[in-house]
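Thanks for coming, everyone. I'd like to walk you through one structure this morning, so please pull it up and follow along with me.

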Amino acid sequence: MASPVDTSVKHFYSAMAGAPTVSGTAGSLIATLDACLVTGFGVKAVDSAVVSNGVCRLSFLSGASAAKQEAVILVSGASPAALNGEQKITAAAAGWVEFKTDLPDGAVTGSISFKMAPLGWEKVFSKTNVAVYRPTDPASTRPYLRVDDTD
């Protein structure tokens, strides 16, 4: 099941826990673009999860999360499977995040994790410190973005 709220707008900033950084060394820009555009970042293992009154709370003990209110995360490993996929955070604190859901109240099981959702691009070519990306949205013109990060 998709999120009951719009997840099409995603944002990141450098102060988020686990955010990728561009260090100035060759290849660091490619790694940052991979994380933001293609794979996501800031993976968090979930210790417990529950749905109550139309809200799912994912709790974790493993330190700060990159997820902030209004950010979009990508959930995986949850049962019911309808919780998996992109979800927009409605509230977050130092050990939990919450998002809206249409599922009935109850426990959530599985080997659950979440990370910051990538922007929905694909990496269509790569070699050492060079990559080519393009958006996967079929409504876009699907331009190619070539990045050479050798110097």
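Let's begin with β4, which pairs with β7, residues 106-116, in the antiparallel sense through 6 bridges. If you want a landmark for that pairing, find V75, which stands opposite F114 in β7. I should say right away that this is a predicted model, so please keep that in mind as we go.

β4 has another pairing to show you, with β5. These two strands run antiparallel and are joined by 4 bridges. Here the landmark is I73, whose bridge partner in β5 is Q87. The connection from β4 to β5 is a hairpin of 5 residues.

Stay in that loop for a moment. P80 is found there, between β4 (72-79) and β5 (85-93). What kind of peptide bond joins S79 and P80? It is a cis bond, with omega at about 20°. As a reminder, most peptide bonds are trans, and most residues other than glycine have a negative phi.

That second half of the reminder matters for our next stops. In the loop between β2 (48-52) and β3 (55-59) you will find N53. N53 is not a glycine, yet its phi is positive, near 55°. Is N53 buried or exposed? The cut-off for exposed is over 50% relative accessible area, and N53 has 69%, so N53 counts as exposed.

Another asparagine does something like this in the loop between β8 and β9, and that is N129. The phi of N129 is positive at about 60°, although N129 is not a glycine. Its relative accessible area is 24%, so N129 is partly exposed, because that class lies between the 20% and 50% limits.

Now let's look at the strands around that loop. β8, β9 and β10 form an open sheet of 3 strands, in the order β8-β9-β10, with antiparallel pairing. At the edges are β8 (121-127) and β10 (145-148), each of which pairs on one side only. From one strand to the next, the twist averages 20°. Between β8 and β9, residues 130-135, there are 6 bridges, again antiparallel. To find your place, look for K127, which stands opposite V130 in β9.

What lies across these three strands? That is helix α1, residues 28-39, which runs at about 20° to β9. The buried residues of α1 include I30, L33, A35 and L37, and also D34 and C36. The buried residues of this helix pack against β8, β9 and β10, and against β1 (41-45) too. While you are looking at α1, go just past its end to G40, where phi is positive at about 85°.

One last stop, on the surface. Which residues form a nonpolar patch there? They are V124, F125 and Y144, and together they have about 310 Å² of accessible area. Y144 lies in the loop between β9 and β10. With a relative accessible area of 54%, Y144 is exposed, because the limit for that class is over 50%.

If you'd like to retrace the route, go from the β4 and β7 pairing to the cis bond before P80, then on to N53 and N129, and finish with α1 lying across β8, β9 and β10. Thanks for listening, and I'm happy to go back to any of these spots.

How values were computed:
Residues are numbered from 1 along each chain as its sequence is written. This is a predicted model: local features need pLDDT of at least 70, side-chain atom pairs count only at pLDDT 80 or more; totals for chains, interfaces and linings use all residues. Side-chain values use heavy atoms; hydrogens and water are left out. Two strands pair if DSSP finds at least two bridges between them. Axes are lines fitted to C-alpha atoms, for helices over the stretch in contact, and angles run from 0 to 180 degrees between N-to-C directions. Contact means heavy atoms within 4.5 Å. Patches are made of residues with over 30% relative accessible area and no salt bridge: like charges are joined within 9 Å, nonpolar side chains (Val, Leu, Ile, Met, Phe, Trp, Tyr) within 5 Å. Accessible areas come from the Shrake-Rupley method with a 1.4 Å probe; for residues, only the protein chains shown count as cover. A salt bridge is a side-chain nitrogen of Lys or Arg within 4 Å of a carboxyl oxygen of Asp or Glu. Buried means under 20% relative accessible area, exposed over 50%, partly exposed in between (1.4 Å probe, protein chains only).
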